[in-house]
Amino acid sequence: MQPKVGIIMGSQSDWPTMKAAADILDELGIAYEAKIVSAHRTPDRLWDYGRAAAGRGLKAIIAGAGGAAHLPGMMASKTRVPVIGIPVQTKALSGVDSLYSIVQMPKGFPVATMAIGIAGAANGGLMAAAILANEDPALAERLDAWRAALSASIPDEPVDE
Ligand code: RP5
């Protein structure tokens, strides 16, 4: 199936985080691809990916990186496909470095920045699903059902554990 969402990350070491986005897309039946595209180590790959993204039919790109996390912003500069940024949690600065690198985009090239780490990656998958659901009624129903199931799983009262 032609991928509708691109999941890209700066390194193999980002995959345990970014897999949370892939898991959500799997749950919702959304076709995606996952690629290692580093702003620093493979800049030509980044450029080629961004140049081709819209023409290949990608509707959203979920881009995760850690530390000096330039990947989401550089990708946003290269394509009009919406870029969702995932700040990967780092050892040195706990991902605050990643967050600041991704969120502080100059006017003109937005990156929809999620929370640091796995929760942010999962929300990135949900954000991509919401973007696609605007034009896909069947997906909209699946997303509504997913959200309703999450709400239903929350107990009314706490228990001693
Ligand atoms: C970034 O540097 C990557 O996104 C990763 O989060 C971080 C560390 O990469 P590795 O040294 O683990 O490959 O470019």
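**A serine at the binding site, and the fold around it**

With 18 C-beta neighbours inside 10 Å, S11 counts as partly exposed, because a residue needs 20 or more such neighbours to be called buried and 12 or fewer to be called exposed. This is how S11 appears in a predicted model. S11 sits in the loop between β1 and α1. Apart from residues within four places in sequence, S11 makes contact with I36 and S38.

S11 is also a good starting point for the annotated positions. An unreviewed UniProt entry lists S11, D14 and R41 under "binding site". Although these residues span 31 residues in sequence, no two of their C-alpha atoms are more than 14.2 Å apart, so they gather at one spot. R41 belongs to the loop between β2 (32-36) and α2. With 11 C-beta neighbours inside 10 Å, R41 counts as exposed, whereas S11 is partly exposed.

The ligand itself can be considered next. Its surroundings are formed by G10, S11, S13, D14, S38, H40, A65, G66, G67 and V88. Sorted by class, this shell has 7 polar, 2 nonpolar and 1 charged residues. Two of the listed binding-site residues, S11 and D14, are therefore found in the shell as well.

Stepping back, the whole chain can be described. It contains 6 helices and 5 strands, and along the sequence these elements follow the pattern β-α-β-α-β-α-β-α-β-α-α. The radius of gyration is 16 Å, close to the 15 Å that the globule rule gives for 161 residues, so the chain is as compact as a globular protein of that length. Taken along the principal axes, the C-alpha atoms fill a box of roughly 50 × 40 × 30 Å. Of the 161 residues, 41% are buried. Among contacts with a separation of 6 or more, 69% join residues 24 or more positions apart. The unreviewed UniProt entry assigns residues 3-154 to "domain: PurE". This span is 47% helix and 15% strand, and its end C-alpha atoms lie 33 Å apart.

What lies in the interior? The largest nonpolar core has 45 residues, and those with the most contacts inside it are I61, I62, A63 and L71. Two or more residues of this core come from each of β1, α1 (15-27), α2, β3, α3, β4, α4 and α5 (118-133). The most generous contributor is α5, which gives 6 residues. A63 shows how such contacts reach across the sequence: beyond residues up to four places away, A63 touches I8, L71, P72, M75, V83, I84, G85 and I86.

Three of these partners, L71, P72 and M75, are also among the buried residues of α3. Helix α3 (residues 71-78) is mostly covered, with 6 of its 8 residues buried. The buried ones are L71, P72, G73, M74, M75 and A76. Their cover includes β1 (5-9), α2 (43-53), β3 (60-65), β4 and α4.

One backbone detail completes the description. S94 has a positive phi of about 60 degrees, although S94 is not a glycine. S94 is placed in the loop between β4 (83-87) and α4 (96-103). With 13 C-beta neighbours inside 10 Å, S94 counts as partly exposed.

Conventions: Residues are numbered from 1 along each chain as its sequence is written. This is a predicted model: local features need pLDDT of at least 70, side-chain atom pairs count only at pLDDT 80 or more; totals for chains, interfaces and linings use all residues. Helices (H or I, at least four residues) and strands (E, at least two) are DSSP runs, numbered from the N terminus. Two residues are in contact if their C-beta atoms, placed from the backbone, lie within 7 Å. The radius of gyration is taken over C-alpha atoms; the globule rule is 2.2 Å times the number of residues to the power 0.38. A residue is near a molecule or strand if its C-beta atom, placed from the backbone, lies within 6 Å of it. Ala, Val, Leu, Ile, Met, Phe, Trp, Tyr, Cys and Pro count as nonpolar, Asp, Glu, Lys and Arg as charged, and the others, Gly among them, as polar. UniProt positions are given in the numbering used here, feature names are shortened, and annotations may be inferred rather than shown by experiment. A nonpolar core is a set of buried Ala, Val, Leu, Ile, Met, Phe, Trp, Tyr and Cys residues joined through C-beta atoms within 7 Å.
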